[in-house]
Amino acid sequence: VQLQASGGGLVQAGESLRLSCAASGRISHYSVGWFRRAPGKEREVVATITRAGARTTYADSVKGRFTISKDVARNMVHLQMTSLKPEDTGVYYCAASPRFAVAVFEYNYWGQGTLVTVSS
């Protein structure tokens, strides 16, 4: 499956953004995750959603602010980000796995990143 991430941009702290990940295949066949790489840091998981969309996980730093969702009809996964903070700045990637997956190394297919910059 090929993935295309979009929706990044420059926003001020407290504002919102919605990232989208478009898949070339049937998104219901894959667990999907959003990851980010902040400047000078390792890539980290932000949120994941299972194949059926019944279970989600979030990094502690984004719980209550970010929501991951699947649009099966359009083969897309979204990441709604609210109350953004400067520490949310980074390149955001979406990735897919045909199995249940929550860790970075468990994902097989990666899209290109989209840059999110949050100014204070």
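Let's start with two strands of this predicted model: strand E7, residues 66-71, and strand E8, residues 76-81, pair in the antiparallel sense over six bridges. To see one spot along this pairing, find Lys-70, which stands opposite Val-77 in E8. Together, E7 and E8 make a hairpin with four residues between them. Look into the turn and you will meet Asn-75, whose phi is positive, at about 55°.

Now step back to the wider sheet. Four strands build an open sheet, in the order E1-E3-E8-E7, with antiparallel pairing. At its edges are strand E1 (3-6) and E7, each of which pairs on one side only. From one strand to the next, the twist averages 15°. As a general point, strands of a sheet pair through backbone hydrogen bonds, and they can do this in a parallel or an antiparallel way.

Let's move to the E1 end of that order. Here E1 and E3 run antiparallel and are joined by four bridges. One place to look is Leu-3, whose bridge partner in E3 is Ala-23.

Finally, zoom in on a single residue of E3. This strand covers residues 17-23, and Ser-20 lies in it. Is Ser-20 buried or exposed? Ser-20 counts as buried because its relative accessible area is 11%, and the cut-off for buried is under 20%. Setting aside residues up to four places away in sequence, Ser-20 touches Gln-4, Ala-5, Ser-6, Trp-34, Met-76, Val-77 and His-78. With His-78 there is also a polar contact, made between the two side chains at 2.9 Å.

Definitions and conventions. Residues are numbered from 1 along each chain as its sequence is written. This is a predicted model: local features need pLDDT of at least 70, side-chain atom pairs count only at pLDDT 80 or more; totals for chains, interfaces and linings use all residues. Side-chain values use heavy atoms; hydrogens and water are left out. Helices (H or I, at least four residues) and strands (E, at least two) are DSSP runs, numbered from the N terminus. Buried means under 20% relative accessible area, exposed over 50%, partly exposed in between (1.4 Å probe, protein chains only). A polar contact is a pair of N or O atoms within 3.5 Å; within protein, one must be able to donate a hydrogen and the other to accept it, and residues adjacent in sequence count only if both atoms are side-chain atoms. Contact means heavy atoms within 4.5 Å. Two strands pair if DSSP finds at least two bridges between them. Axes are lines fitted to C-alpha atoms, for helices over the stretch in contact, and angles run from 0 to 180 degrees between N-to-C directions.
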